[in-house]
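Let's take a walk through this structure together, one piece at a time. Keep the 3D view open and turn it as you read.

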Amino acid sequence: MIHLRKEPKYIVTLISLLLPFTFLLMFLPTVVSSHSLHKTQHLTSSGNIIELLVATLNQTISKVNLSSSNFSNLQTSLGSNLTHRDRCAFGDCLELLDDTVLDLTTAISELQFPSPELYSVSMLLSAAMTNTRTCLDGFASSDHDENTNGNSKTTYGVAESMRESLFNISRHVRESLAMLENIPGKLDNDVGFRTWVDRKLLQDPTDGTKFDLVVSQNGSGNFTTIGEAVSAAPNSSETRFVICIKYGVYFENIEIPREKTMIMFVGDGIGRTLIKANRSGADGWTAFNSATVGVRGSGFIAKDISFVNDAGPTKHQAVALRSGSDLSAFYRCSFESYQDTIYVHSHKQFYRECDIYGTVDFIFGDAAAVFQNCSLYARRPNPNQRITYTAQGREDPRQPTGISIINCKILAAPDLIPVKVDFKAYLGRPWQLYSRTVIIKSFIDDLVDPDGWLKWKDEFALDTLYFGEYMNEGPGSNITNRVKWSGFKPIETAIEATQFTVGPFIDGNKWLNSTGIPFTPDL
């Protein structure tokens with residue numbers, strides 16, 4: 001995640017002046033064509049909202065495809081002028097735009113059912129919005145971006161040229177979310193399983209499932225690397241495909257693509273099965289691409305595994321796990337890094353009895369994510385650095401996303417305990433305008449500052465965010481001296497708190513039984 005959004009000071013050359021204008025001309029048709037959408041909106045009536053919404057989403061898909069084609073052409077034309085960071089950003093965008101097309105296509109399919117599941121559609125639209133934001137973030141500059149021989153000015157030119165194209169796509173998705181609210185019927189979490197989940201699997205917990213493949217470094221399994229096993233897994237599976245990963249430290253970066261659905265990793269336990277790598281922002285990787293394990297395929301489960309990014313505390317963004325997997329779940333896992341440990345990117349996610357270690361924004365993203373019975377450990381940060389446990393990325397008030405931390409422990413890691421008086425720690429800060437994070441019935445240790453929450457920059461999002469606390473305990477749980485922002489909510493009723501629990505918030509009653517992972521659906 002980019003934390004400083006200053007524009008870099010570049011040496012102005014003829015190339016740096018011409019590139020933005022050249023790219024803008026390539027993207028102009030995408031920008032100008034938005035006018036037709038605004039004209040179409042005047043035709044709205046209560047009887048044809050779904051028809052209009054489908055038409056809007058079809059237009060948006062066309063714009064996404066055009067942008068994807070332009071990105072691919074730009075990447076090819078710039079060739080060797082691109083830095084490693086630029087190439088990562090282009091790769092991120094092409095993947096994310098492909099995912100956006102699939103999300104929007106799935107939303108259209110859902111809307112064409114006689115009784116569409118509107119919550120499911122809203123989650124798909126939210127993921128599409130998050131994808132465009134993530135694409136832009138990959139090109140955003142910061143004080144610690146890679147800067148090789150001044151070539152990072154190319155990144156600035158590319159980002160400026162595509163900005164309007166991507167913002168245009170995001171605006172259309174926002175308008176679609178607004179239309180969705182006007183469809184008769186409530187936006188309840190009534191999501192079903194029409195698209196990919198095998199109904200038989202809902203009565204077939206994973207505890208008794210055999211292993212389909214075994215990974216072992218000593219050669220006793222089917223493969224010696226996890227990447228090989230993922231490649232061998234079937235595409236578009238409708239039944240669980242279980243990969244057993246035996247004891248050992250696996251130095252790999254793993255990417256589970258969108259077509260690899262229903263994959264489950266089972267290890268030998270935290271600290272016994274470790275997947276480890278060291279990509280970081282300081283070494284020219286985007287936050288999205290820095291992940292030791294990145295998951296895009298739906299229905300992913302991990303159990304008894306440590307996910308580690310050991311780039312270290314000075315390397316800025318260094319993600320251990322990134323999940324954009326809908327209905328993904330993690331049980332008895334450990335996630336270890338410093339800045340940006342877990343990237344809960346999009347869709348619905350559940351974490352149970354997991355240990356998360358980090359320093360800055362170490363749970364961040366824009367999924368609907370519930371952490372239940374987990375331990376969040378703040379590690380010793382760099383000198384003068386402030387600790388923030390969360391940074392949630394909700395951009396629109398209609399997005400059904402947020403970070404919900406329930407029955408967890410918010411603690412100091414062993415390396416921080418002797419020096420915790422030297423550092424300030426906060427429950428979170430607002431990454432985007434409508435950031436939403438709640439802490440419910442959790443233990444908050446004394447390292448958390450009485451203010452509880454930290455500003456992102458100046459007065460940004462203080463009136464629009466939703467930060468809530470409910471029935472917490474521990475020396476850091478007293479809300480008397482909490483921040484006085486209008487967006488901070490001391491949650492006063494069980495009814496309000498319940499909306500962020502496993503049942504209502506991620507519809508866990510409908511899918512978590514199939515995972516074999518224990519969960520509490522309510523307070």
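A good place to begin is with a pair of strands: strand 14 (residues 348–352) and strand 17 run parallel and are joined by five bridges. Look for Lys348, whose bridge partner in strand 17 is Ala368. Please keep in mind throughout that this is a predicted model. In general, the strands of a sheet pair through backbone hydrogen bonds, in either a parallel or an antiparallel fashion.

Now zoom out from that pair. Strands 14 and 17 belong to an open sheet of 11 strands, with parallel pairing and the order 1-2-5-8-11-14-17-20-23-25-26. Where does this sheet end on either side, that is, which are its edge strands? They are strand 1 (213–215) and strand 26 (488–490), each of which pairs on one side only. From one strand to its neighbour in this sheet, the turn is 10° on average, direction ignored.

Strand 20 is another member of this sheet, and it covers residues 402–406. Within strand 20 you will find Ile403. Is Ile403 buried or exposed? Its relative accessible area is 2%, and under 20% counts as buried, so Ile403 is buried. Ile403 also shows how the fold brings together parts of the chain that are separated in sequence: Val370 is 33 residues apart from Ile403 in sequence, yet the two C-alpha atoms are 6.2 Å apart in space.

A second sheet comes next. This open sheet has seven strands in the order 4-7-10-13-16-19-22, again with parallel pairing. Strand 4 (254–256) and strand 22 (425–430) are its edge strands, pairing on one side only. Its twist averages 15° from one strand to the next. For a closer look inside this sheet, find strand 13 (residues 342–344) and strand 16 (residues 360–365), which run parallel and are joined by two bridges. Here Tyr343 stands opposite Phe364 of strand 16.

If you follow the chain onward from strand 16, you enter the loop between strand 16 and strand 17 (368–372), and this loop holds Asp366. With a relative accessible area of 3%, Asp366 is buried. Trp431 lies 65 residues apart from Asp366 in sequence, while their C-alpha atoms are 9.6 Å apart in space.

There are further parallel pairings to visit. Strand 18 (residues 375–378) and strand 21 (residues 409–412) run parallel, joined by four bridges. Ala378 stands opposite Ala412 in strand 21. Strand 21 also pairs with strand 24 (residues 443–444), in the parallel sense and over two bridges. In that pairing, Lys409 faces a partner in strand 24, namely Phe443, which stands opposite.

Let's leave the strands and turn to the helices. Start with helix 3 (residues 49–78). What span should its 30 residues have at 1.5 Å a residue? The expected value is 44 Å, and the end C-alpha atoms of helix 3 are 43 Å apart, which agrees. Just after helix 3 comes Gly79, which has a positive phi, near 45°.

Helix 3 has a companion in helix 4: the axes of the two come within 9 Å and cross at roughly 160°. That angle makes helix 3 roughly antiparallel to helix 4. The crossing of helix 3 past helix 4 is left-handed. Their contact is made of 18 nonpolar, 10 polar and two charged residues.

Helix 4 (residues 84–111) also packs with helix 5 (residues 118–139), at an angle of about 165° and with the axes 8 Å apart. Helix 4 is therefore roughly antiparallel to helix 5. Here too the crossing is left-handed, as helix 4 passes helix 5. In this contact, 15 residues are nonpolar, five are polar and six are charged.

The tour ends with helix 5. Its 22 residues reach 33 Å from the first C-alpha to the last, close to the 32 Å expected at 1.5 Å a residue. How many of the residues of helix 5 are buried? The count is 22 of the 22, so helix 5 is largely enclosed by the rest of the structure.

Note on methods: Residues are numbered from 1 along each chain as its sequence is written. This is a predicted model: local features need pLDDT of at least 70, side-chain atom pairs count only at pLDDT 80 or more; totals for chains, interfaces and linings use all residues. Side-chain values use heavy atoms; hydrogens and water are left out. Axes are lines fitted to C-alpha atoms, for helices over the stretch in contact, and angles run from 0 to 180 degrees between N-to-C directions. Angles under 35 degrees count as roughly parallel, over 145 as roughly antiparallel, 65 to 115 as roughly perpendicular and the rest as oblique. A crossing is left-handed if the near helix is turned anticlockwise from the far one by less than a right angle, and right-handed if clockwise. Ala, Val, Leu, Ile, Met, Phe, Trp, Tyr, Cys and Pro count as nonpolar, Asp, Glu, Lys and Arg as charged, and the others, Gly among them, as polar. The expected span of a helix is 1.5 Å times one less than its number of residues. Two strands pair if DSSP finds at least two bridges between them. Buried means under 20% relative accessible area, exposed over 50%, partly exposed in between (1.4 Å probe, protein chains only).
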